[in-house]
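Visitor: I would like to learn how to read a protein model. Please take me through it one feature at a time.

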Amino acid sequence: MEKTTVFDIVIKLLDQRKFAELKVIMNQMNPADIASIFDEASKKDIPLLFRLLPKELAAETFAYLDSDQQEQLILAFTDEEIREMTNELFLDDTVDIIEEMPANVVSRILKNTDEATRRQINELLAYPDDSAGSLMTPEFVYLNKSMTVKEAFIKVRQVGVAKETIYTCYVTEQRKLIGVVSLLDLVTASEDTRIEEIMDENVISVKTKEDKETVAKTLAKYDLLALPVVDGENRIVGIVTVDDAIDVIQEETTEDIEIMAAILPTDKPYFKTGVIETFLKRIPWLLLLMVSATFTGMIITGFEEKLAASVVLTAFIPMLMDTGGNAGGQASATIIRGLSLGNIELRDIAKVIWKEIRVSILCGAALAIVNFAKVMLIDGLLLGNAEINAVVALVVCLTLVIAVFIAKVIGCTLPILAKTIGFDPAVMASPFITTIVDAITLLAYFLIAQALLHI
């Protein structure tokens, strides 16, 4: 049965208050799909729906809900229900929830957790928000190198249910990380084989203070399901799993897109962000870009007399500015993406510039040839503009080549330099680069026109 069909049936049963049938269907659904049902349910029905789920499925579903729904449920829960929930949730999910909740909700959660769990929660909350420590979970399986495979399986069966993952187990000695062994290694080895014989001693790990974006890139680079997090003495304190890394990548990508579009980043979904908050996120950049565009106006004003002598030049200004901005945007987007993926470094700046120079020459030449034909045939002959001639077309086409050249060089250089001095490369994206390129393009346009048209 398709998800949409099941979804419709569940909503219909909810409207008809047929809770027995509803419980049977929901117990067979994926937690993420159940969470989407909560989005459609009324606020008064959310606690009721949640209580239809068995404990384990309820905890998994809870982790998929947005913070407003989680807060509503916690406020509706009894102390016993909160204890059951926190016992079923993985610790990193509990920490994520606490970080989103107001103080009164946090106090209820902490009040209903045992002392050991509360201590672990406080330890995780103490790490910087953008660090590996804040992303990790202390729930992992660790083994001793002297164990046999049979003994390892016994331990995995005993503790595995309460751990984030059992596909990768970590070998420790006095808490220090000395090796890693996968579930595949255990399954394919004989029962009397010792762990030290099959473990991989070349362990890839990160420090607790490592930036979480670096952690996500490391997981992706080595195709890992989990990445151990160690302290300064190489003692394993937790792991970061691939699902958490995906969340980080999504957050960072969203942030880059927002910055590239000249919007201050927000961590809220679109419909959860109010009109005033959206306004405040967008207006600073718009104001900055508007003020910076003053230079463009100053250039046009400075050449006002020249424009009066050849009014036809005015018609081509929007096309030249748009082309330059688009060319710069193409280059900057490519470079920003390369920097984000780690494919481009500061040492590559000369190679990047040389490549973009060659690309700009080809693009500029192609655009100039097409534009020359367009100006002469359409603007000159078809539209019958008497002021159009070969020299005017040449002025426009030369400016076009220069605009594309300058735009691509600036577009590829600024993001790399921004990252070098500690700024987010995405800041040097289309809106910012377009403003710079517009001013330079106009200046080049009027100087070329002055030289060739003698105005």
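Guide: Helix 8 passes helix 10 in a right-handed crossing. Keep in mind that this is a predicted model.

Visitor: What are the angle and the distance between the axes of helix 8 and helix 10?

Guide: In general, a packed pair of helices is described by the angle between the two axes and by how far apart those axes are. Here, helix 8 (residues 91-100) and helix 10 (residues 115-125) pack at about 65°, and their axes are 10 Å apart.

Visitor: Which residues of helix 8 and helix 10 make the contact?

Guide: Helix 8 contributes Leu91, Thr94, Val95, Ile98 and Glu99. From helix 10 come Thr117, Gln120, Ile121, Leu124 and Leu125. Sorted by class, the contact has 6 nonpolar, 3 polar and 1 charged residues.

Visitor: Now a single residue. Is threonine 86 buried or exposed?

Guide: The idea is to compare the relative accessible area with a cut-off, and buried means under 20%. Threonine 86 has 12% relative accessibility, so this residue counts as buried. Threonine 86 belongs to helix 7, which covers residues 79-88.

Visitor: What does threonine 86 touch?

Guide: Leaving out residues up to four places away in sequence, threonine 86 touches Thr94, Ile109, Asn112 and Thr113. There is also a link to arginine 83: a polar atom of the threonine 86 side chain lies 3.1 Å from the backbone oxygen of arginine 83.

Visitor: Which residues touch the most other members in the largest nonpolar core?

Guide: That core has 52 residues, and the ones touching the most other members are Leu22, Met26, Phe38, Leu49, Phe50, Phe62 and Ile74. Helix 1 (residues 3-15) supplies the largest share of this core, 5 residues. Another core, of 22 residues, lies apart from it and includes Phe303 and Val395.

Visitor: What are the contacts of isoleucine 74?

Guide: With residues up to four places away in sequence not counted, isoleucine 74 touches Phe62, Ile82, Ile97, Met101, Val105, Arg108 and Ile109.

Visitor: One last residue. Where is leucine 443 found, and what does leucine 443 touch?

Guide: Leucine 443 sits in helix 23, residues 430-453. Its relative accessible area is 38%, and because partly exposed covers values between 20% and 50%, leucine 443 is partly exposed. Beyond residues up to four places away in sequence, leucine 443 touches Ile299 and Phe303. Positions far along the chain can be compared by their C-alpha atoms: those of leucine 443 and threonine 296 are separated by 8.7 Å, with the two residues 147 residues apart along the chain.

Methods. Residues numbered from 1 in each chain as written. Predicted model: local features only at pLDDT ≥ 70, side-chain atom pairs only at ≥ 80, totals over all residues. Heavy atoms only, no water. Helix = DSSP H or I, 4+ residues; strand = E, 2+ residues; numbered from the N terminus. Buried < 20%, exposed > 50% of the residue type's maximum accessible area, 1.4 Å probe, protein only. Polar contact = N/O pair within 3.5 Å; in protein donor to acceptor, adjacent residues only side chain to side chain. Contact = heavy atoms within 4.5 Å. Core = buried A, V, L, I, M, F, W, Y, C linked by side-chain atoms within 4.5 Å. Axes fitted to C-alpha atoms, helices over the stretch in contact; angles between N-to-C directions. Left-handed = near helix turned anticlockwise from the far one by under 90°. Nonpolar A, V, L, I, M, F, W, Y, C, P; charged D, E, K, R; others polar.
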